[in-house]
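Trainee: Could you take one part of this structure and go through it with me slowly and closely?

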Amino acid sequence: MKLSLISSVYSPSSSSFPIILRSSAFINLCKPFCSFSLPSSPSTPVNPKVPLFLRSPIYSTKLCDLKKWHDWAKGLALSIGSTFVHSDNGPDPSILCRELKWLMEDAVEDHSMFSKMGLENIDERVNMRVGVEELYDMWKERIEERRPFQYVVGCEHWRDLVLSVQEGVLIPRPETEVIVDFVSDAVSKNEDLRSGVWADLGTGSGALAIGVGRVLGIGGRVIATDLSPVAFAVAAYNVQRYCSQDKIEVREGSWFEPLKDMEGKLAGLVSNPPYIPSKEISGLQAEVGRHEPRVALDGGIDGMDALLHLCDGAALFLKPGGFFAFETNGEQQCRVLVDYMKNNRSGSLCNFKIVTDFAGIERFVIGFHR
């Protein structure tokens with residue numbers, strides 16, 4: 001189930017990397033979640049930021065001042081016109097105004113106050129999760145710096161989850177949700193896979209790890225790895241918000257390095273790795289190219305560096321009958337990846353299949369260990 005109204009566009013035209021333009025409406029949130037303390041990271045600890053909708057409403061402002069901010073913010077959004085669209089296929093005013101509505105919903109405790117904003121000289125006070133002065137700064141960052149809306153509010157809806165995200169962590173895309181469906185289908189036909197140990201490599205926000213963990217059976221668990229200390233902390237935060245720490249373990253490290261104890265033992269392996277060719281990074285939508293972590297985007301000269309490494313690792317770390325699913329940049333990478341495995345890993349990997357995403361683009365490669 002998807003809670004959000006999300007649309008993807010592709011920029012530059014030669015790349016099929018999904019770029020988020022629309023974020024989610026923050027409604028029907030399941031809270032509170034588990035209370036917890038984060039696990040320690042092998043490197044310098046990072047404290048994940050609390051999403052706006054989870055902050056305490058400790059601020060208060062006059063409704064007339066909130067309306068003044070809203071009118072200013074809407075005017076700024078409308079003034080953009082088609083500038084961002086023509087520049088890099090970025091958001092148009094209708095999308096920005098929708099984001100403004102979502103920001104209001106996250107910032108204000110009592111949504112019934114919105115109906116009074118059309119009245120004149122309303123001095124009634126509104127409880128808020130952020131001061132009105134900070135709202136000005138947040139919206140300037142969104143428009144003037146093209147800071148992703150998900151970073152502004154600190155979260156993104158993904159499947160039936162509301163995940164914390166911040167600078168240094170890739171914003172999960174709706175396309176990637178399909179990988180959880182692949183896993184669900186695989187484990188429904190094989191109890192050994194359903195109760196086995198899975199790995200999500202380059203976990204980022206922990207989206208795939210949590211999604212996969214939810215479709216595994218009793219005894220099934222997931223190890224999520226990421227090189228970034230920020231991603232490590234945010235993934236752990238999300239895992240524990242959803243009370244999944246008994247099923248999902250987050251380890252810091254590069255790809256298979258934290259999995260040395262799992263060689264030949266994994267029931268499954270999933271990943272949405274960096275796959276954008278290096279030369280195309282500068283042409284991405286500003287929200288992506290300027291703000292999201294390059295280490296999570298840049299896949300090397302042809303975008304295949306991490307994908308080939310994952311194939312080699314799958315041959316080594318999956319147990320017989322183990323399943324894998326990898327996301328790619330599109331048709332060409334899918335076919336190169338399948339050819340590579342047929343020519344170099346056919347003794348270990350088999351039953352390769354290329355699967356399309358929501359837009360009908362060949363995006364995923366799935367298969368099994370012999």
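Mentor: What follows is a close look at one helix, H3, and its surroundings. Please keep in mind throughout that this is a predicted model. The chain has 370 residues, of which 56% count as buried, and its folded elements comprise 12 helices and 13 strands. Helix H3 covers residues 93–107; with 15 residues, H3 reaches 21 Å from its first C-alpha to its last, which is close to the 21 Å expected at 1.5 Å a residue.

H3 is mostly covered, since 11 of its 15 residues are buried, and among these are Pro93 and Ile95 towards the beginning of the list, as well as Trp102, Met104, Glu105 and Asp106. The buried residues of H3 pack against several elements, namely the helices H1, H2, H4 and H5 and the strands E4 and E5.

Let us now follow one of these neighbours, helix H4, which spans residues 132–144 and whose axis comes within 12 Å of that of H3, the two crossing at roughly 150°. Because angles over 145 degrees count as roughly antiparallel, H3 and H4 are therefore roughly antiparallel to each other, and H3 passes H4 in a right-handed crossing. On the H3 side, the residues that meet H4 are Leu96, Glu99, Leu100, Leu103 and Ala107, while H4 contributes Leu135, Met138, Trp139, Arg142 and Ile143. Sorted by class, this contact has 8 nonpolar residues and 2 charged ones, with no polar residues. Returning to burial, Leu96, Glu99, Leu100, Leu103 and Ala107 also appear among the buried residues of H3.

Note on methods
Residues numbered from 1 in each chain as written. Predicted model: local features only at pLDDT ≥ 70, side-chain atom pairs only at ≥ 80, totals over all residues. Heavy atoms only, no water. Axes fitted to C-alpha atoms, helices over the stretch in contact; angles between N-to-C directions. Helix = DSSP H or I, 4+ residues; strand = E, 2+ residues; numbered from the N terminus. Parallel < 35°, antiparallel > 145°, perpendicular 65-115°, else oblique. Left-handed = near helix turned anticlockwise from the far one by under 90°. Contact = heavy atoms within 4.5 Å. Nonpolar A, V, L, I, M, F, W, Y, C, P; charged D, E, K, R; others polar. Expected span 1.5 Å × (residues − 1). Buried < 20%, exposed > 50% of the residue type's maximum accessible area, 1.4 Å probe, protein only.
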